[in-house]
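Hi,

Here is the structure I promised to pass on. Have a look at it first, and my notes follow underneath.

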Amino acid sequence: MDKTEELLNRAYECIEKNKDKVNSDYYRLKYHIMPPAGLLNDPNGFIEMNGEYHLFYQFHPFDTKHGLKFWGHVKSRDLVNWEELPIALAPSMWYETHGCYSGSAINNNGTLTLIYTGNVKDSEGNRETYQCLALSEDGINFRKYEGNPVIHNQPLGYTRHFRDPKVWRNGQDWYMVIGAQNEKLEGRALIFKSRDLTEWSFIGEAAGSNIDSTGYLGYMWECPDIFNLNGKDVLITCPQGIEPVGDLYNNIYQAGYFVGKLDYKTGRLKHGDFIELDRGFEFYAPQTTLDSKGRRLLVAWMGLPEEEDHPTVENGWIHALTIPRVLELRDNKIYQSPVEEMKLLRKNHVAYSDILIDNDEIELEKVEGDVLELIAEFELFDSLEFGIMLRCSEDGNEKTIISYDASEGKLKLDRNKSGKGYGGIRRCTLRDARKIKFNIFMDTSSLEIFINDGEEVFTSRIYPDKDSKGIKFFSKNGKVRLIRLDKWEL
Ligand code: FRU
């Protein structure tokens, strides 16, 4: 048996062995991409090809901890119904003995081509990183390129923290942005260029910690992505090592972006400030793709590195991906909305309008549940705090609160009483809070809350009791008007 077969057999055996336990878990999500068993982390290789969306993900089939990474693979025609495909990559070669790490996909004249990082650790634990290709003609079976690795070493002056290639085409050439760390231990996004995907030359640094007006922004940048959005260039990156500042950077590692202009000759991005993409608790390693409708789509890992204490672990699986979002740039800020295909999942519409809530807490008939979409639009009068309590238990002890605190001028997601798992509060400000529209996607153990048509998003896992399905709308010390409320089961 060759090494690939051996690894795949072991992986499928492990999945099979855990299947019943995994599938018995109430917290299994109903419309999100999850690992069949074991651990999922970054989305990889997001691409639309021949009318189908492919998504790959970092996958550890043997455990719910990080370890030997494979690439899991799913595809879909509509971004909401996903079909599970065979594992795309197993770490079988000398240049990837410790995992097929993150990367991207491109359509090279009809060949679905993956570019990823081969991760190797020697007997002393020193890391080596190799950038590699894998090719597929049928979009299911992948073969590793014989000339792998296509990049053997990081450029001079950088450490071996050199990974997560994202490749795109510009004119005649392919360009790659890759996450890196320099020898002064500052995070970097580096640009490479190639005619044929096999020979790459180093162009320069797109951006980094302590460059120009960018202050210290971490010791390593993971999972960078560069694309054009509404006429500007955007660099998304995940810096590690930034300390929290007030409401900002409260997660262990960040995921955010810069808007600017990329100089393809020098590789340098002239850019503005770093802005976090999501205000919730679990959001990391986003990856985007451009689809045939011209949309810039984003999917992220609904999890974070080094946080493996989720209650699903006892049932043999951990983590999921977010629903796909569409990005748009307005006034140099990214707005994110759920893809309109999410509407395909809507069932049993319930609607209300024009309800005044005066220092009160109300429930609405047929507005409850655990797998649903809600649109709630409020108009603020003189309330000091208003919002929605989700996943409420009958006794009122369990609840997850999304609210606007008018005295602080802040939006707040409070999961201190959400049930099992991690707690905490996250906050952010809004440009205009006179009217606030919440578009909430709730799944059995997740929340994705889009605010004011994508100005902010809070993404989080929560683990309430399966019977906690109540929803309450509230206003404290004053009035608020619920202009409209729509609810669908999903
Ligand atoms: C980000 C990351 C990447 C790496 C991958 C390994 O979460 O650490 O930098 O390629 O995960 O699974």
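How much of the chain is helix and how much is strand over residues 32-338? In this predicted model, that stretch comes out at 0% helix and 53% strand. The C-alpha atoms at its two ends are 13 Å apart. I picked those limits because UniProt, in an unreviewed entry, lists residues 32-338 as "domain: Glycosyl hydrolase family 32 N-terminal".

The same entry type covers the other part I looked at: for residues 341-488, UniProt has "domain: Glycosyl hydrolase family 32 C-terminal", again unreviewed. There the chain is 0% helix and 59% strand, with 14 Å between the end C-alpha atoms.

Now for the sheets. One of them is open and has 5 strands, ordered E4-E3-E2-E1-E20, with mixed pairing. Strand E4 (83-89) and strand E20 (317-318) are at its edges; each has a single partner strand, so one side of each is left without a neighbour in the sheet. Inside this sheet, strand E2 (residues 52-60) runs antiparallel to strand E3 (residues 70-76), and 7 bridges join the two. If you want a pair to click on, Phe59 has Phe70 in E3 as its bridge partner.

Another open sheet has 4 strands in the order E9-E10-E11-E12, and its pairing is antiparallel. Its edge strands are E9 (158-170) and E12 (201-208), each of which pairs on one side only. On average, neighbouring strands here are turned by 25 degrees against each other, if direction is ignored. Strand E10 (residues 173-182) and strand E11 (residues 187-194) make 8 bridges in the antiparallel sense. Trp174 is an example to look up, with Ser194 in E11 as its bridge partner.

Then there is the ligand. Which residues are around it? They are Asn41, Asp42, Gln58, Lys69, Tyr101, Ser102, Arg163, Asp164, Glu222, Tyr284 and Trp301. By type, this shell divides into 3 nonpolar, 3 polar and 5 charged residues. A few polar contacts to ligand oxygen atoms:

- Gln58: an N or O atom of the side chain is 2.6 Å from a ligand oxygen.
- Glu222: here too an N or O atom of the side chain is involved, 2.8 Å from an oxygen of the ligand.
- Ser102: a polar backbone atom is 3.1 Å from a ligand oxygen.

The protein covers 92% of the 320 Å² of accessible area that the ligand has on its own. Strand E1 (38-49), strand E5 (100-108) and E9 are the elements that give two or more residues to the shell.

Two bits of backbone geometry to finish. Most residues other than glycine have a negative phi, and most peptide bonds are trans. Asp164, which lies in strand E9, has a positive phi, near 70 degrees. Asp164 is also one of the residues around the ligand, and E9 is an edge strand of the 4-stranded sheet. Where does Pro149 sit? Pro149 is in the loop between strand E8 (143-144) and E9, and the peptide bond leading to Pro149 from Asn148 is cis, with omega near -10 degrees.

Cheers

Methods
Residues numbered from 1 in each chain as written. Predicted model: local features only at pLDDT ≥ 70, side-chain atom pairs only at ≥ 80, totals over all residues. Heavy atoms only, no water. Pairing = 2+ DSSP bridges. Axes fitted to C-alpha atoms, helices over the stretch in contact; angles between N-to-C directions. Near = heavy atom within 4 Å. Polar contact = N/O pair within 3.5 Å; in protein donor to acceptor, adjacent residues only side chain to side chain. Areas by Shrake-Rupley, 256 points an atom, 1.4 Å probe, with all protein chains shown as cover. Nonpolar A, V, L, I, M, F, W, Y, C, P; charged D, E, K, R; others polar.
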